[in-house]
Amino acid sequence: MSKKILVYEMSDTRFEALKKTLRPLGVSVYKVAKSQYGDPIGELALGKNPLIGFMTWAPIPAVGMPCIGEMLIFSGISGQEMDAVLAALRQADLVVPLKATVTMYNYSWNGYAIYQELSKEHRKFTK
């Protein structure tokens with residue numbers, strides 16, 4: 001599985017810096033187009049559901065298609081690799097508070113839904 005990060009709502013300058021920072025770690029970085037914010041994160045990261053017929057997930061709808069902010073979605077990055085990625089982001093001053101990893105539970109969530117959930121969790125932890 002390839003190491004990949006989906007990037008939402010990042011300026012071109014920060015996006016280019018992110019790509020440059022993560023290239024030595026073998027991590028591909030993809031900027032998600034606004035037209036794809038409603039697409040399942042798992043399909044954007046991994047392609048069509050590889051477990052169709054074995055397990056299906058109901059899409060998680062976003063209420064009212066809210067605004068979305070800067071967010072990173074990780075795919076195919078192991079624990080040790082994640083530590084290295086996060087350290088590289090901190091060192092390059094590219095910290096993004098809202099981050100998630102594609103799992104079997106959030107595979108069908110779209111960018112809006114996962115942003116809402118991450119924002120809610122972030123508010124809880126930063127009170």
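**Close-up views of a predicted model**

**View 1. Surroundings of Ile73 in the predicted model.** When its neighbours within four places in sequence are left aside, Ile73 is in contact with Lys4, Ile5, Leu6, Tyr8, Ile41, Ala100, Val102 and Ile114. Ile73 also belongs, together with Tyr8, Met71 and Ile114, to the residues that have the most contacts inside the largest nonpolar core, a core that holds 18 residues. At least two residues of this core come from each of β1 (4-8), α2 (41-46), β3 (71-75) and α4 (111-125), and α4 gives the most, with 4 residues. A second core, separate from this one, has 17 residues and includes Ile5, Phe15, Leu72 and Ala88. As a general background to such views, nonpolar side chains tend to be buried together in soluble globular proteins.

**View 2. Ile5 in strand β1.** Ile5, which is a member of the second core, has a relative accessibility of 0% and therefore counts as buried. With its neighbours within four places in sequence again set aside, the residues in contact with Ile5 are Leu22, Val27, Ser28, Val29, Tyr30, Leu72, Ile73, Phe74, Ile77 and Val85. Two of these, Leu72 and Ile73, are of interest in relation to the previous view: Leu72 is included in the second core, whereas Ile73 is among the residues with the most contacts inside the largest core. Between the C-alpha atoms of Ile5 and Lys99 the distance in space is 9.9 Å, although 94 residues separate the two in sequence.

**View 3. Helix α4, its buried residues and its start.** Helix α4 is made of 15 residues, and the distance from its first C-alpha to its last is 21 Å, close to the 21 Å expected at 1.5 Å a residue. Its buried residues are Gly111, Tyr112, Ala113, Ile114, Tyr115, Leu118 and Ser119, and the elements that cover them include β1, α2, β3 and β4 (99-101). One of these buried residues, Ile114, is among those with the most contacts inside the largest nonpolar core, and Ile114 is also one of the residues in contact with Ile73. At the start of the helix, a side-chain oxygen of Asn110 comes to within 3.0 Å of the backbone nitrogen of Tyr112.

**View 4. The buried and exposed sides of helix α3.** The 13 residues of α3 (residues 79-91) should span 18 Å at 1.5 Å a residue, and this agrees with the end C-alpha atoms, which are 18 Å apart. Within the helix, Met82, Val85, Ala88 and Leu89 are buried. These four lie on the same side of α3, because they cover an arc of only 130 degrees around the axis. Gln80, Asp83, Arg90 and Gln91, on the other side of the helix, are exposed. The cover over the buried residues includes β1, α1 (12-22), β3 and β4, and one of the individual contacts from this region is that between Val85 and Ile5. The helix is followed by Asp93, whose phi is positive, near 55 degrees.

**View 5. Salt bridges that tie together separate parts of the chain.** The structure holds 6 salt bridges, and the first pair shown here is formed by the side chains of Lys3 and Glu81, at 3.5 Å from N to O. Because Lys3 lies in the segment before β1 and Glu81 in helix α3, this pair ties together parts that are 78 residues apart in sequence. Both partners are partly exposed, Lys3 with a relative accessible area of 22% and Glu81 with a relative accessibility of 28%. A further pair joins the side chains of Lys34 and Glu9, at 2.5 Å from N to O. Lys34 is placed in the loop between β2 (28-31) and α2, and Glu9 in the loop between β1 and α1, so this bridge ties together parts that are 25 residues apart in sequence. Lys34 is exposed, with a relative accessible area of 57%, whereas Glu9 is partly exposed at 30%.

**View 6. A salt bridge within helix α1.** Glu16 forms a salt bridge with Lys19, and the closest N and O atoms of the pair are 3.4 Å apart. The two residues are 3 residues apart in the helix and are therefore separated by about one helical turn. Glu16 is partly exposed, with a relative accessible area of 45%, and Lys19 is likewise partly exposed, with 25%.

Terms used:
Residues numbered from 1 in each chain as written. Predicted model: local features only at pLDDT ≥ 70, side-chain atom pairs only at ≥ 80, totals over all residues. Heavy atoms only, no water. Core = buried A, V, L, I, M, F, W, Y, C linked by side-chain atoms within 4.5 Å. Buried < 20%, exposed > 50% of the residue type's maximum accessible area, 1.4 Å probe, protein only. Contact = heavy atoms within 4.5 Å. Expected span 1.5 Å × (residues − 1). Polar contact = N/O pair within 3.5 Å; in protein donor to acceptor, adjacent residues only side chain to side chain. Arc of directions from axis to C-beta. Salt bridge = Lys/Arg side-chain N within 4 Å of Asp/Glu carboxyl O.
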